[in-house]
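Please read these points with the structure open beside you, and take them one at a time. They deal with a strand and its partners, and then with the packing of some helices.

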Amino acid sequence: MTVFVSDKMDAQRLGRRRALYFTSIFLLTSVATWFMADIMWRSGPVGALEVALLGLFVLLFGLIATGFCTAMIGFYVINRGGDTCRITATLPADSDVPLASTAVIMPVFNEEAARVFEGLRAIYESVQATGRGEHFDFFVLSDSNDPNQWVEEEVSWTELCKTVGGFGRIFYRKRRGAINKKAGNVADFLRRWGRRYRYMVVLDADSIMTGAALVQLVALMQRNPRVGIIQTAPRLVGAETLFARMQAFANRLYSPLFLAGLNYWQQHDGNYWGHNAIIRVQPFIDYCALPDLPGAEPFGGRILSHDFVEAALMRKAGWAVWLAGDIEGTFEEGPPTLIDNAKRDRRWCQGNLQHTWLLTARGFRPANRFHLFLGVMSYASSPLWLLFLALSTY
């Protein structure tokens with residue numbers, strides 16, 4: 001079993017991996033561009049329109065090649081028995097690493113109180129069953145703006161604490177001013193209570209994690225003192241509608257390939273997805289404060305998609321960010337309908353397009369710039385494809 005930490009990792013091996021990955025993307029894009037250019041040359045004189053079309057084609061096909069190469073490398077890694085160079089390989093199966101104080105936080109905003117606290121009950125009881133529960137405190141951080149919702153949340157919290165004996169371990173806080181949404185909610189928690197904890201695990205209102213997964217995450221952080229964030233890969237559960245079940249099926253079928261491919265080339269330059277992840281609190285407080293963007297919303301002002309930026313800031317400060325796609329026991333729920341999915345996607349679209357401002361930010365690692373670029377293009381590519389098709393009709 002390979003054991004390593006990010007700052008001692010074989011740089012030549014990482015260089016070879018990235019050379020293979022990006023060279024594959026370049027070669028595929030070059031071959032496709034050659035065929036496209038050949039079609040244009042045979043169709044008549046090449047003018048400004050054809051050059052513009054070819055430029056769009058290079059960009060858009062490069063994105064397709066990126067996804068294809070990620071999946072193919074992931075397929076190769078999985079079929080050779082897995083990647084030995086992964087963060088979970090640093091923790092032997094029989095190890096009993098001493099744990100440290102950890103806050104499990106769940107920011108909520110007008111969520112169904114019964115669902116939130118029932119999920120928290122499952123997490124709490126699973127943690128207690130590991131026998132390591134004394135290291136974990138749980139916080140529900142409410143930004144709900146409906147007074148009736150506040151009452152439901154407080155009643156549900158009280159009932160939960162009575163049921164599981166959680167007073168002194170499970171806490172509820174209603175923030176007075178819901179500034180800067182989820183990022184502001186987490187920042188408020190850190191200002192008030194963050195220094196009491198070495199780590200925090202960030203959950204969404206629909207997240208579930210088993211006690212074994214939480215203990216494993218804390219042990220991995222203890223074992224790797226230069227790691228700032230470990231991001232797990234939650235599986236979609238609780239699907240009842242046809243749309244949600246299709247999403248869950250696709251998640252279960254395809255995500256192992258992409259997760260293995262991502263870990264292959266990014267290694268300690270990983271990304272943070274905003275939930276179902278463990279964070280080292282002190283460096284997060286010291287280095288991950290979010291700047292305001294130039295201009296006004298929707299593309300300026302406060303950063304909406306904070307997670308990519310926080311990962312980039314953590315790497316800028318020299319702390320590793322890992323993807324632990326092979327940790328079991330981490331789950332979330334997906335949008336039940338296409339309309340719900342579109343609402344969520346609209347928020348993500350705005351937040352990702354804001355990252356355009358940060359592509360040239362000083363001090364960011366190349367891998368983080370690539371993550372930000374892919375996030376921008378995940379939404380910008382659709383209008384660019386439309387433009388490509390429109391120009392092709394002339």
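**Notes on a strand and a helix**

1. In this predicted model, strand β10 (residues 330-333) has two faces, of which the covered one carries Thr330 and Glu332 and the uncovered one carries Phe331 and Glu333.

2. Strand β10 is joined to strand β5 (residues 208-209) by two bridges, and these strands run antiparallel; here Met209 has Thr330 of β10 as its bridge partner. With strand β7 (residues 235-237), β10 pairs in the parallel sense over three bridges, and there Arg235 has Phe331 of β10 as its bridge partner.

3. Turning to the helices, the axes of α2 (residues 48-79) and α7 (residues 242-266) come within 7 Å and cross at roughly 95°, which means that α2 is roughly perpendicular to α7. Residues of α2 that make this contact include Gly67, Thr70, Ala71 and Phe75, while those of α7 include Pro256, Phe258 and Tyr264. The residues of the contact of α2 with α7 comprise eleven nonpolar, four polar and no charged.

4. Helix α2 also meets helix α11 (residues 366-392), where the two axes come within 9 Å and cross at roughly 135°, so α2 is oblique to α11. The crossing of α2 and α11 is left-handed.

5. Which residues bring α2 and α11 together? Among them are Leu49, Leu53, Phe57 and Ile64 in α2, and Phe370, Met377, Trp385 and Ser392 in α11. The residues of the contact of α2 with α11 divide into 17 nonpolar, three polar and no charged.

Terms used. Residues numbered from 1 in each chain as written. Predicted model: local features only at pLDDT ≥ 70, side-chain atom pairs only at ≥ 80, totals over all residues. Heavy atoms only, no water. Axes fitted to C-alpha atoms, helices over the stretch in contact; angles between N-to-C directions. Helix = DSSP H or I, 4+ residues; strand = E, 2+ residues; numbered from the N terminus. Parallel < 35°, antiparallel > 145°, perpendicular 65-115°, else oblique. Contact = heavy atoms within 4.5 Å. Nonpolar A, V, L, I, M, F, W, Y, C, P; charged D, E, K, R; others polar. Left-handed = near helix turned anticlockwise from the far one by under 90°. Buried < 20%, exposed > 50% of the residue type's maximum accessible area, 1.4 Å probe, protein only. Pairing = 2+ DSSP bridges.
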